[in-house]
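Reader: I would like to learn how to read cysteines and surface charge in a model. Where do we start?

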Amino acid sequence: MSSKGEILKRIKANQPELVSELPDLNLLGSEQFDVLETYKTVLKGIGGDPVEVANYDEIINYIKSNYNLEKRLITTLPELSEIASLDWKAVDPHSLQDVELTVVKAHFGVAENSGLWVTDDILGQRVAPFIAQYLAIIVHKKDLIPTMQQAYQRIGNMEYGFGTFIAGPSKTADIEQSLVLGAHGARGLIVFLLD
Amino acid sequence: MSSEKIIQHSEAATKFNKDVERVNWHDETLWFVRAKRDKSAHQIADWELLRETASQIKFNVLSNIHDYLVEFEANAQRNGIIVHWAADAKEHNEIVHSIMAKHDVKQMVKSKSMLTEECHLNDYLAEKGIEVIDSDLGEYIVQLRKEPPSHIVLPAIHLKKEDVSETFHEHLGTEKGNFNPQYLTESARHSLRNTFLTRKVALTGVNFAVAETGEFVVCTNEGNADMGAHLADVHIACMGFEKLIPKREHLGVFLRLLARSATGQPITTFSSHFKKPRDGKEMHIVIVDNGRSTQLGREDFRNSLKCIRCGACMNTCPVYRRSGGHSYHNAVAGPIGSILAPNLDMSKNADLPFASTLCGSCTNVCPVKIDIHDQLYKWRQVLVKEGHTPTAKTVAMKTMATVLANPTVFNIAGKSGRFVMKNIPGMVSNKMNKWYDQREMPDVPEQSFREWYKKNSRESKEKGNE
């Protein structure tokens, strides 16, 4: 299409001379704080539930006592095969509409905003953390980092087709600024903080 | 669209102001969001450094945008994304329609995109027999009411829960008189879930596009962009070319600023990075100019292209808070909209740069340090010079210029003004006087400053001689 050439020509003619080199990002992200405590506080503040656990058995017990195992639970973690199905990665994503709980693992978590970085290789299906009624994400305490500055240093040139930071359950405040959890995605988010 | 008569901001604001209680509520609601922004910003020790860094990155982007766009396109294509270029709104709409037509699909689910509002995509597709459903809850509400959004982040901020309840009762069959936001949101969740599960094409906006990697980022709290995009066969993402940033690591700066500035949240619930389509599915990006390259060439106004659409300037603006988003008759309302709109159409939007107190609050909260109030002031000068201001204002200003330029005339005018206001106040305090329209007239002083000064300097001289 010829518009590309036209647009680029106009931009080239109208863009200013170089007014700024790219700034040094190393000056950022030097804030000091307790990473684990901050992570938990921020997560609670945005409607998520932090749960500290020592191992996968504790996670299994927690899920057994808090979720209805009769319903459809899915996971990408073989450690959880006792309570959740592993056999859904190749199905039509629409068929995940009746999932009650999705359990996945995050690469790492960010204390300043409680965001958890997940990519499609550990999600099984891109829609999995969104379409379930509830979501649980497991992250190792050692994989908690302070700010987004360190987050992108860690992501670096990581290869992925899709990646997202998930911070708390799906929410909206579009009706008179009243906060409602569970807009379209998960109504609740448990973050298992694993030793 | 084009045949609609545009109501001037001041006229629309006057209407909005008739319901005093609602105006006060609107004002307080937005101030509440602004206060949350402050609290959130103050918790970040690096906040000012972040703003400055973001601003510097955007300066760099504007001066290299040509090369970054070329780089972005090549990388996106390498990732398997199909890239389109649209010179204006019309071409943007045609491209989106052609993708729908190619797949023979008549329904679309959309997540929030102010660019498609700017291009009036919904109207265009409706004419072609394509049904579009907006999936962001606020957008969904205003769409059902056949209204445009009144705020770029909080599209239904002008509505009370009673209004939403009434709308949902009519369209979704919810219980009449049930105003509970939880109940209303749940009803929308059910209705929209069905939409997500049945649409083959999903359209989203773009918050940031990364030249270095050819990926783009979409931020939502509801997860609606993801529900749409991950369930559809075709994902169309539409972006103004200014959404580009150089490298992935720069997202660390912008994602720290965006939600905190917008709503006071530490980050949006979902910050989704789309790099490649799912296997066997299609991903398109439409890169749109629509006047942006012209704005890039206007030295005084090009900084407005740094905008990341957080809405902080609206929440803080004393005029926006008391006049409502619809009074700006533009997809982007408030201070930033008022410097973007005249670029698109000077004569249609000449009123908007005047819809401001020039107090500078917008500039102070802007996460990328756009000199918003300076640009508003500069637009006023451009618009007056180009003859886009109302006749009454032009005549008044010309008269004032004559009076101020001539001491004798100034003196006589002052004297007669004081005389009239004192003895025949009705001649000034009436509807013809736009100043009196909004204000109490002041008490008339006994003498002018000049008279006072003459008298006093004489007295003090005499005193000095004693």
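Author: Start with the cysteines. This is a predicted model. Over all chains, the structure holds 0 disulfides.

Reader: What is a disulfide, in general?

Author: A disulfide is a covalent bond that joins the sulfur atoms of two cysteines.

Reader: Why is B:Cys119 not bonded to the closest cysteine sulfur?

Author: Check the distance. The closest cysteine sulfur belongs to B:Cys238, and the gap is 7.8 Å. That is too far for a bond, because a disulfide needs the two sulfurs within 2.5 Å.

Reader: What about B:Cys317?

Author: B:Cys317 is in no disulfide either. Its nearest cysteine sulfur, in B:Cys359, lies 6.5 Å away.

Reader: Is B:Cys119 buried or exposed? And B:Cys317, buried or exposed?

Author: Buried means under 20% relative accessible area. B:Cys119 has 4%, so B:Cys119 is buried. B:Cys317 has 6%, so B:Cys317 is buried.

Reader: How much of chain B is buried?

Author: Of the 466 residues in chain B, 57% are buried.

Reader: Now the surface. Which residues form a positive patch?

Author: B:Lys5, B:Lys15, B:Lys18 and B:Lys431 form a positive surface patch.

Reader: Where is B:Lys431 found, and is B:Lys431 buried or exposed?

Author: Look in chain B, at the loop between α19 (407-423) and α20 (434-438). B:Lys431 has a relative accessible area of 76%, so B:Lys431 is exposed.

Reader: How many helices and strands are in chain B?

Author: Chain B has 21 helices and 10 strands. Along the principal axes, its C-alpha atoms fill a box of roughly 100 × 55 × 45 Å.

Notes:
Residues numbered from 1 in each chain as written. Chains lettered and ligands numbered in written order. Predicted model: local features only at pLDDT ≥ 70, side-chain atom pairs only at ≥ 80, totals over all residues. Heavy atoms only, no water. Buried < 20%, exposed > 50% of the residue type's maximum accessible area, 1.4 Å probe, protein only. Patch = residues over 30% accessible without salt bridge, like charges linked within 9 Å, V, L, I, M, F, W, Y side chains within 5 Å. Areas by Shrake-Rupley, 256 points an atom, 1.4 Å probe, with all protein chains shown as cover. Salt bridge = Lys/Arg side-chain N within 4 Å of Asp/Glu carboxyl O. Lys, Arg positive; Asp, Glu negative; His and termini not counted. Charge placed at Lys NZ, Arg CZ, Asp CG, Glu CD. Helix = DSSP H or I, 4+ residues; strand = E, 2+ residues; numbered from the N terminus.
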